Amino acid sequence: MTPDAITMPLPPVERVRPGLWSVPVPLPNNSLRYVLVYVFETDAGVYLVDAGWYTEDAFAALEAGLDVVGATIADVRGVLVTHIHPDHYGLAGRIRNESGAWVALHPADAHLLHERYEEPEHLLDRVGTMLRRMGAPPDELESLQRAAMPVRSLVDAAKPDVELEDGARPELPGWDVTAIWTPGHSPGHLCFWEAGNRLMLSGDHVLPRITPNIPFHPQAGANPLGDYLASLDKLEPDDAAEVLPAHEHRFVGLQARLEQLRRHHAARFGEVIASIEAGVTTAWGIAARMHWSRSWDQIEGFMRRAAVSEALAHLRALEARGVVRELVGEPSHWELLDLPARAAS
């Protein structure tokens, strides 16, 4: 995305349905530009899905959006957070402090907060080990290891008051909302199904145009891409009239988009296998040969780490299917298993 696109005006506050609004909250220096916070009106006050980054601009935009709705921060009764990434969780603690609202999160993400945002040194050591196994060049290792640290200032790492399990029915008076656990983009990612209007609030799990980053890292679990693909299947039965994602824009055609995402990752699996067949056997080397939105030499810093982590997530998923195996080392090398096992996958 060009610098001009990043500085384009935000979309307006919109009434999605009677009593349900979307409020764009800006993301600083980020190509996604904004996160969409959804506001549910009730007789008891308003309830939010996601919160935005912990910046003054973001808080001011949220206040202004609530003013359009006819509410204030003090009227917020609950914040349902789809996952712990800073653009979704960052402001939740401040909103709670100023309103007394409860904050809800899936326990798989709640359990990661302390190590990720408060005392990350042990996590950084594990990230360093992961990068060496990936084959990261020594001259990039330290910067990549700490690439996510600047975002710590964009999060108030407040512990959630409510832990929402799969199938939970959070308190939103007058609305029929169910939490759907959809791990992959993060271990505790949640979507929210509003049955009365057949709306799927999809967080970062399903976006209309781009594909969410599905990384392998020390907090991601053994097979995050396998988890993600299985989570797509969990949304298949829901006949959504409209999908309300956390980025980009609302859209119709959930089932068609699910199939597009499956095909995308199937093509990625093909790229990984082709690279190994060509003799490129480290995660770093494989990532450099994969197709991204820009050329590999233009991907830097955290985005480069995210790309290699996604390549490794594809390798881990293929490993779980019996298609490849890791020859552990620094760096690790990956090899294809016999053709019958690959065909069975």
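In this predicted model, Phe 40 is buried, and its relative accessible area is only just above nothing at 1%. Trp 175 also falls in the buried class, with 16% relative accessibility, since the class takes in residues under 20%.

These residues bring us to the aromatic pairs, of which a search of the whole structure finds three. Phe 40 and Trp 175 form one of them, in an edge-to-face arrangement with 4.9 Å from centre to centre and 80° between the planes. Phe 40 belongs to strand 3 (residues 34–42), while Trp 175 sits in the loop between strand 7 (162–163) and strand 8 (177–181); the pair therefore ties together parts that are 135 residues apart in sequence.

Another edge-to-face pair joins Trp 284 and Trp 296, with ring centres 5.7 Å apart and planes at 85°. Here the parts tied together are twelve residues apart in sequence, because Trp 284 lies in helix 11 (residues 283–289) and Trp 296 in the loop between helix 11 and helix 12 (301–320). Both ends of this pair can be placed by accessibility: Trp 284 is buried at 10%, and Trp 296 is buried with a relative accessible area of 15%.

Aromatic rings also meet charged side chains. Arg 268 lies over the face of Trp 292, at 4.2 Å from the ring centre. Similarly, Arg 316 is placed over the face of Phe 216, with 4.9 Å to the ring centre.

Turning to the nonpolar interior, the largest core holds 49 residues, and those touching the most other members are Leu 131, Val 206, Leu 225, Leu 235, Leu 312 and Leu 315. Elements that contribute two or more residues to this core include helix 7 (121–134), helix 8 (138–145) and strand 9 (190–194), along with helix 9 (224–235), helix 10 (254–277), helix 11 and helix 12. Of these, helix 12 gives the most, with eight residues.

Leu 225 offers a handy close-up of this core. With neighbours within four places in sequence set aside, Leu 225 is in contact with Ile 214, His 265, Phe 269, Ala 313, His 314 and Ala 317. A second core, separate from the one around Leu 225, comprises 37 residues, among them Val 25, Ala 71, Val 76 and Leu 91.

Terms used. Residues are numbered from 1 along each chain as its sequence is written. This is a predicted model: local features need pLDDT of at least 70, side-chain atom pairs count only at pLDDT 80 or more; totals for chains, interfaces and linings use all residues. Side-chain values use heavy atoms; hydrogens and water are left out. Rings of Phe, Tyr and Trp (its six-membered ring) pair if their centres lie within 6.5 Å; planes under 30 degrees apart count as stacked, over 60 as edge-to-face and the rest as tilted. Helices (H or I, at least four residues) and strands (E, at least two) are DSSP runs, numbered from the N terminus. Buried means under 20% relative accessible area, exposed over 50%, partly exposed in between (1.4 Å probe, protein chains only). A charge sits over a ring if NZ of Lys or CZ of Arg is within 6 Å of the ring centre and within 35 degrees of the ring normal. A nonpolar core is a set of buried Ala, Val, Leu, Ile, Met, Phe, Trp, Tyr and Cys residues joined through side-chain atoms within 4.5 Å. Contact means heavy atoms within 4.5 Å.
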